[in-house]
Amino acid sequence: MVAHPQRIAFLGIGLMGEPMVSRLLAAGFKVTAWNRTAGKASALAAAGADPDDVLPHAVADADMVVSMLSAGDAVGGVIDAALDALRPATLWIDMSSTRQDEAQAFHALLASRGHRFIDAPVSGGVGGAQAGSLAIMAGGSAADFEAARPLLEAMGKPRLVGPAGSGQVAKLCNQLIVGGTINIVAEALLLAQAAGADPAAVREAIRGGFAESRVLEVHGQRMLERNFLPGGQVLTQLKDQHNILAAAAAAGVALPVTSLVTQRYESIKDVYPRADHSAALLALERLNDGVRVGTQADKLP
């Protein structure tokens, strides 16, 4: 492990943030960890992080700030609270999932104060964060991306996809495919069950063909086991669905399948809000009274 000269302020020590900080520490970065709930940051002290529960102090000596927060409003609030304490020309890397227009607004605000910004949302879940194999979709200037590359490569596989806001567009495209495919896999397994086939055997039979996907592999197995402990939550997927439709409206395009997928998640947001987004199967079963994939009891949060 080679120590890096930069100090990183990492803001948001949640399910994703904690393993991401651990990867940065393992790569030799000096990390100050901040979280609204101070105890979560303190838990990383044993791994070598410096917990700090005062936000302006946490960012004051950072060369780069990484935020990994719940949504755009949380990111905006933290930027506003930290802005006056930032060192000149600080590079802020927001790895949260926000709307494109929010990322563009963060970029404009930071640039107006002489700072730099990249939006770099991720895909790969907690497992990808732990393994350092996250897909990282970055929007910003080429120079800022190159400055951030060593940090990003400690956490996964980064790719620059366009100017500020483009990372969020790429993440929304990812979530569009994930959400839609989860619902299609649920329909396939339910059809197999209802038509008299073994859904587990059907899943194995079609793997390796054109229907194979990471969703069929991971979420298909979750559905067969009826394991709806999160993972990505229904409410998080629904937030992404709404952001996808907002981006589509701003771009002037219609996404009819995505609109239908959004309705499916809307139908269970009050019943299974914290369940894994593979609970799309539960939404489908509610439409098909008496048809249920498998015999196991549901595992729910």
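The lining of the second largest pocket divides into seven nonpolar, two polar and two charged residues. In that count, Ala, Val, Leu, Ile, Met, Phe, Trp, Tyr, Cys and Pro are nonpolar, Asp, Glu, Lys and Arg are charged, and the others, Gly among them, are polar.

Before I go on, this is a predicted model, where local features need pLDDT of at least 70, side-chain atom pairs count only at pLDDT 80 or more, and totals for chains, interfaces and linings use all residues. Residues are numbered from 1 along each chain as its sequence is written, and side-chain values use heavy atoms, with hydrogens and water left out.

Back to that pocket. A pocket here is an open set of points, on a 1 Å grid over the protein atoms alone, where a 1.4 Å probe fits, with protein on both sides within 12 Å along at least five of seven lines; lining residues have an atom within 4 Å of a point. The volume of the second largest one is about 200 Å³; a volume is the space filled by probe spheres set on the points, with grid points joined across faces, edges and corners. Its lining residues include G180, N183, I184 and E187, along with V257, L260 and R264. At least two lining residues come from each of α8, α12 (256–266) and α13 (280–287). Helices (H or I, at least four residues) and strands (E, at least two) are DSSP runs, numbered from the N terminus.

Now the largest pocket, with about 1700 Å³ of space. Its lining has 49 residues, and M16, G125, G231, G232 and T236 are the closest to its centre. Sorted by class, the lining has 16 nonpolar, 24 polar and nine charged residues. Among the elements that each supply at least two of them are β7 (122–123), α6 (125–131) and α8 (166–194).

One of those central residues, G231, sits in the loop between α10 and α11. The peptide bond from P230 to G231 is cis, with omega near 15°.

Next, helix packing. Two packed helices are described by the angle between their axes and the distance between the axes. Axes are lines fitted to C-alpha atoms, for helices over the stretch in contact, and angles run from 0 to 180 degrees between N-to-C directions.

How does α8 pack against α12? The angle is about 65° and the axes are 10 Å apart. That makes the two helices roughly perpendicular; the word covers 65 to 115 degrees, while under 35 is roughly parallel, over 145 roughly antiparallel and the rest oblique. The crossing of α8 and α12 is left-handed, meaning that the near helix is turned anticlockwise from the far one by less than a right angle, whereas clockwise is right-handed. L176, G179, G180, I182 and N183 in α8 touch T258, V261, R264 and Y265 in α12, where contact means heavy atoms within 4.5 Å.

Helix α8 also meets α9 (residues 199–206), with axes that come within 8 Å and cross at roughly 125°. The pair is therefore oblique, and the crossing is right-handed. Here L189, A192 and Q193 in α8 meet P199, V202 and R203 in α9. That contact has four nonpolar residues, one polar and one charged.

The last pair is α4 and α5 (residues 100–112), whose axes come within 10 Å and cross at roughly 5°. These two are therefore roughly parallel. On the α4 side the contact residues include G72, V75 and I79, and on the α5 side they include E102 and F106.

One backbone detail follows α4 (72–82): A89 is in the loop between that helix and β5 (91–94). Phi of A89 is near 60°, a positive value in a residue other than glycine.
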